[in-house]
Structure formats: C-alpha cells, structure tokens
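Let's walk through this model together, one question at a time. Have the sequence and the 3D view at hand as we go.

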Amino acid sequence: MKIPFVSFKPMEKELNTELRAAFDRVLERSWYIDGVEDKNFEEAFAEFCGAKYCVGCGNGLDALMLTLKALGIKEGDEVIVPSNTYIATALAVTYVGATPILVEPDINTFNINPALIEEKITERTKAIMPVHLYGQACDMDPILAIAKKYNLYVIEDCAQAHGATYKGKIIGNFGDAAGFSFYPGKNLGALGDAGATVTNNKELADKLRALGNYGSDYKYHHIYKGTNSRLDELQAAFLSAKVPFMDKMNNDRRRIANRYLTEINNSDVILPYTMPECEHVWHVFAIRSNRRDELAKYLEDLGIGVNKHYPIAIHLQECYKDLGIKEGELPIAEEISATQLSLPLYYGMTDEEIDYVISSINAFK
C-alpha cells in the first residue's frame, strides 16, 4: 500500500464544487487584488479566530515580519523565539534587523518552555514570539505574565495551529497580534502561498495593511517604507470556501491522531504529549525515536511517507552561524531534531490507511 505523507485529494474532491465556484467568481469579476474576496475572507477568518481584525498578506513569513515592523521592532532589538521551530520564525525577526534569541522547548510538548524565557530577557528584548508548534497551543498564561512584567509584545506564530485552543480560548487572541500561514499543507491551506495577521488593535491592523501595500494608506500616498505583500483575490476566495469546513477538517485530524495515540505500541516510539489545557489540531503528528532514521527508511520502504520536522536546528543552520551558538548549547532542540519523525496525517485518511501505518510501526523491531 502507498500512503503519502500528505494528500489534498480527499479534501479537494469533497470541496470541488465550492473551490470551482470560488475560481469562477474571481474570473467573472476580473478583479484580482484588494477586492471583495479579500474582504470576505478577512471577515470570515477574523470571526473564526474570535478576533476583530484580519489583514491578509502574501505568506506566513510576511505576516510575522510585517507585524514585527508594525510594532516598531528594529535593528538592535531582540525577540524571544523557540529554538525548535521552522526557520521562518527566526527569519521574520532577522528581516526587521532584530536578533532572534533562542529559548529551548519542553521536550514533551515541543513548544517553548516558559520557565526558560525570563533568563534570556535583556534591556534590548522587545517581544516574545511563541510558536504553537505542530498544532498544539503553547502554555500561554506564564508567557503573558512574563510579557506583562517586562512590558514586552507577544506575537503568536500560529502557522501550524489554525483552530487550536488553550483553556477554551482559540489561539491568535492571546497576544498583541498573531501571524498565520495558509501554505497548502496547513490545516487551512490556500492553493498557493498566502498568509494573514489577526489582531484586536485597529491601529495595528491599519498599519499592517499599509505596510503590505507599499506603505500606502491610499493610492499613491505612502506613509511608511512598506513592501508588496498582499493576499490575492483568488487565494482569498479558495480560503473562504474552506473556512466553513475548518471544524470538520480539524475533527478528522483528531480522529486519526487519536487512533495513533491509542493503537501505536512500540517501545522504540515516543508518542506526542497533549497538554490537558489544550485542544490539539494535529497539523503534524510528531513521534520521537532514538532509531528515527532507521524507522523512517523502514516506513518509506513499506510505501509510507514520513517527514522530519526539523532535521537541522536553527542555531546549526549555515545562515545562523552569526548567532554564535555552538553545537551542544541547545541540547533539547538538537535532540528533537535528531529524533523527531512525522507520520502521515491528513483530512480524509481511510481506516485502512491508518491501520497500515499503525501495524507497520508496531511491527518495527
């Protein structure tokens, strides 16, 4: 049996009518930037997140970068980020001239460890950027308490956690703003690149919109040195078609994850941990194994697609040698990058496919 790491086919088949109607609406209007589809999606996604404002942009990296810029974070500043995350989190900080300060995760949740944040704060620290990694919310209460104590901004990186909750509250509402990615593989994915920032601050939302539109608040009037990062009408229309199905799609991911959690039984596999305060949306089902590479090859040979998130920690990437962090200085991030393996998990996986993944892992010796 061949099982890909991810497949969009079941979702696209189910939403074929809605997606084609979205395309037809945009083509019929012949209006492709900053139109009614953008407005409708921003309103729908803000409502889904329980936020007042949503500002679309080109991708998730830009959502974070523009948010940092809108908050005035600049060269000489520092931003706390997790040591275990996709590189985009750190790049957003770098792109505004600031320095990412890496803080180790809790090895059980994979998310930033709040107990380790305070020791990294200096007079140059301006913000904390927690990442709700793999679909599980960070432990936000202590993060917010630290931010309040030191008068820091909190920018949530929600790229992997659309619809996740912490203590009953949906992520994206805890900090000053939250950046989302709609890369096709996300829980809410476009049919190309797309992103957005949600916030409850109108002044910030207005500034974000201007910064992503060449710094312009109205045509040919430029109040900031901005960039071009706008959510196009076609991607907005596709995303609008999917928003009403978000709860259904996330619940299906939970169905698959619950089977993995209850039925995978192999002493070489460490299953992911879910905090009781959180409702996970399982963007990634991340196991750990000291025999990770051997297990990955075994599964791939059986036709099961897997992935490694992320095999080289940020501080060991060539592009971040300038941080001066040597191998061994962030051991938890390094351990995760050496042992983490992501299993197939996507909307519409059949019971037969799930059975095959589980039985294959359980048979690994």
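Q: In what order do the seven strands of the open sheet lie?
A: This is a predicted model, and its seven strands make an open sheet with mixed pairing. The twist from one strand to the next averages 25 degrees. Reading across the sheet, the order is β1-β9-β8-β5-β4-β2-β3.

Q: Which are the edge strands?
A: An edge strand here pairs on one side only. That description fits residues 53-57 and residues 99-103. The two edge strands are therefore β1 and β3.

Q: Which residue in β3 is the bridge partner of Val 79?
A: Strand β2, residues 78-82, pairs with β3 in the parallel sense, over five bridges. In general, strands of a sheet pair through backbone hydrogen bonds, either parallel or antiparallel. The bridge partner of Val 79 in β3 is Pro 100.

Q: At about what angle does helix α6 run to β5?
A: Helix α6 spans residues 140-150 and lies across β4 (125-128) and β5. Its direction relative to β5 is about 150 degrees.

Q: Why is α4 called oblique to α7?
A: Helix α4 (residues 60-70) and helix α7 (residues 202-211) pack with their axes 9 Å apart, at an angle of about 120 degrees. Roughly perpendicular covers 65 to 115 degrees and roughly antiparallel begins over 145. The angle of about 120 degrees fits neither class, so α4 counts as oblique to α7.

Q: How many nonpolar residues does the contact of α4 with α7 have?
A: From α4 come Leu 66, Thr 67, Lys 69 and Ala 70, which meet Leu 204, Lys 207, Leu 208 and Leu 211 in α7. By class, the contact has one polar and two charged residues, and the nonpolar ones number five.

Q: Which residue in β14 stands opposite Ala 286?
A: Ala 286 is on one side of strand β13 (residues 285-288) together with Arg 288, while Phe 285 and Ile 287 are on the other, and all four are buried. Strand β13 runs antiparallel to strand β14 (residues 340-343), joined by four bridges. Opposite Ala 286 in β14 stands Ser 342.

Q: Is Glu 18 buried, partly exposed or exposed?
A: Glu 18 is found in helix α2, and beyond its neighbours within four places in sequence it is in contact with Ala 241 and Phe 245. Its relative accessible area is 30%. Buried needs under 20% and exposed over 50%, so Glu 18 is partly exposed.

Terms used: Residues numbered from 1 in each chain as written. Predicted model: local features only at pLDDT ≥ 70, side-chain atom pairs only at ≥ 80, totals over all residues. Heavy atoms only, no water. Axes fitted to C-alpha atoms, helices over the stretch in contact; angles between N-to-C directions. Parallel < 35°, antiparallel > 145°, perpendicular 65-115°, else oblique. Contact = heavy atoms within 4.5 Å. Nonpolar A, V, L, I, M, F, W, Y, C, P; charged D, E, K, R; others polar. Buried < 20%, exposed > 50% of the residue type's maximum accessible area, 1.4 Å probe, protein only.
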